[in-house]
Amino acid sequence: MTDVLSTRPRSWALIICSVVLIAVSIGAAIYELTTALEGVPSSDAWLAVGASTLSAVVGLVFLGAWTRMKPSVLAWLAAFAWGTGGALIFAGFGNGFLDSAVEDSGVAGSTADFVTSVLTGPVVEETGKGLGVLALIVAARKLLERPAQGGVLGALVGIGFAWGEDVGYYVSALEDGMGGLWESFLVRAILGAYAHAIFTGVFGYALAWAVLRANSAVSGILAGVGGYVGALALHAQANGVGFLAPEDSWNLTYGAIEIPLFVVSVALLVWGLRRHRATLEA
């Protein structure tokens, strides 16, 4: 493995971009984690971080096994770091500003909740995550071999984002004890498995396709915009299902829609990566 890593081509643009994203994200991640765990008993803090880390590690191991950590280990670290830090703090301030604006507009409570959950929330969060993905894919354009690798970079940002976000959710859930933690883990890590990874992975795939396959600037821009809109649509539908699902069958309704979406997403990603591997071995 060491020989394989050492013989990989390098891109100074990707190295510099990755270092900058990591440097920006470290402070933001520390701030977000400290804020989420402030005043929380140490036992609850460890449970929340452990539960969030469990699902993140499973996702990272799966992606690592299929991609061999291409285009570079540093890019992987940068993608995950941006999700946990830069994207999360962008979303925190952006959502806070827009949520306040919606509340001040005089919109009724239930309508305001719907607007912030299904409309403004996805726009803010996918924009924050997408900025890091865009920077990495543009910087890595000389090393990328398949659009699926862009999808992986997007998924890594999404996994990092979910890791940081879930810590806060699990801390809140622990107010109802271990039963509350399990219920939250069931929804976020199982029924809605890797939702953020899927949303941002779609954008990453589209950006990589634009870089590798587009035959004109116009088609490249359209592909990137299409991927961004696709990420927004997937994010909005997931939040919408969660918001509108009947209370007496919430888990069943949510899982019946989101689990098939997860299975299809994994199958498409594996197909994209295997297709490249088969081409190399032919």
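Asp166 is found in helix α7, which covers residues 147–173. In this predicted model, Asp166 has a relative accessibility of 4% and therefore counts as buried, the cut-off being under 20%. Beyond its neighbours within four places in sequence, Asp166 is in contact with two residues, Ser52 and Arg188. Ser52 falls within the span of α3, residues 42–67, and Arg188 within that of α8, residues 177–191. A view centred on Asp166 is thus a pleasant place to begin, and the wider fold can be taken up from there.

The chain is built from 11 helices and has 0 strands. Read along the sequence, the pattern is α-α-α-α-α-α-α-α-α-α-α. The radius of gyration is 19 Å, close to the 19 Å that the globule rule gives for 282 residues, so the chain is as compact as a globular protein of that length. Taken along the principal axes, the C-alpha atoms fill a box of roughly 55 × 40 × 35 Å. Of the 282 residues, 46% count as buried. Contacts across the sequence are well represented too: among those between residues at least 6 apart, 82% join residues at least 24 apart.

The surface can be described in similar terms. The accessible surface of the chain comes to about 14000 Å², and carbon and sulfur atoms account for 69% of that area. As for charge, the chain carries 13 positive and 20 negative side chains. The centres of these two sets lie 27 Å apart.

Helix α9 offers a closer look at the interior. This helix runs over residues 195–212, 18 residues in total. From its first C-alpha to its last, α9 reaches 26 Å, close to the 26 Å expected at 1.5 Å a residue. Of its 18 residues, 13 are buried, so α9 is largely enclosed by the rest of the structure.

Helix α10, residues 217–244, contains Gly224. With a relative accessibility of 10%, Gly224 counts as buried. Apart from neighbours within four places in sequence, Gly224 is in contact with Phe203 and Leu207; both of these numbers fall within the range of α9, residues 195–212. Gly224 can also be set against Pro122: the two are 102 residues apart in sequence, and their C-alpha atoms are 17 Å apart in space.

The loops hold some backbone details that reward a second glance. In the loop between α3 (42–67) and α4 (73–84) lies Pro71. The peptide bond leading from Lys70 to Pro71 is cis, with omega near 5 degrees. Arg68 lies in the loop between α3 and α4 as well. Although Arg68 is not a glycine, its phi is positive, at about 55 degrees. Arg68 is partly exposed, with a relative accessible area of 45%.

A positive phi also appears at Tyr194, a residue other than glycine, where the value is near 55 degrees. Tyr194 is found in the loop between α8 (177–191) and α9. At 23% relative accessibility, Tyr194 counts as partly exposed.

Technical notes: Residues numbered from 1 in each chain as written. Predicted model: local features only at pLDDT ≥ 70, side-chain atom pairs only at ≥ 80, totals over all residues. Heavy atoms only, no water. Helix = DSSP H or I, 4+ residues; strand = E, 2+ residues; numbered from the N terminus. Rg over C-alpha atoms; globule rule 2.2 N^0.38 Å. Buried < 20%, exposed > 50% of the residue type's maximum accessible area, 1.4 Å probe, protein only. Contact = heavy atoms within 4.5 Å. Areas by Shrake-Rupley, 256 points an atom, 1.4 Å probe, with all protein chains shown as cover. Lys, Arg positive; Asp, Glu negative; His and termini not counted. Charge placed at Lys NZ, Arg CZ, Asp CG, Glu CD. Expected span 1.5 Å × (residues − 1).
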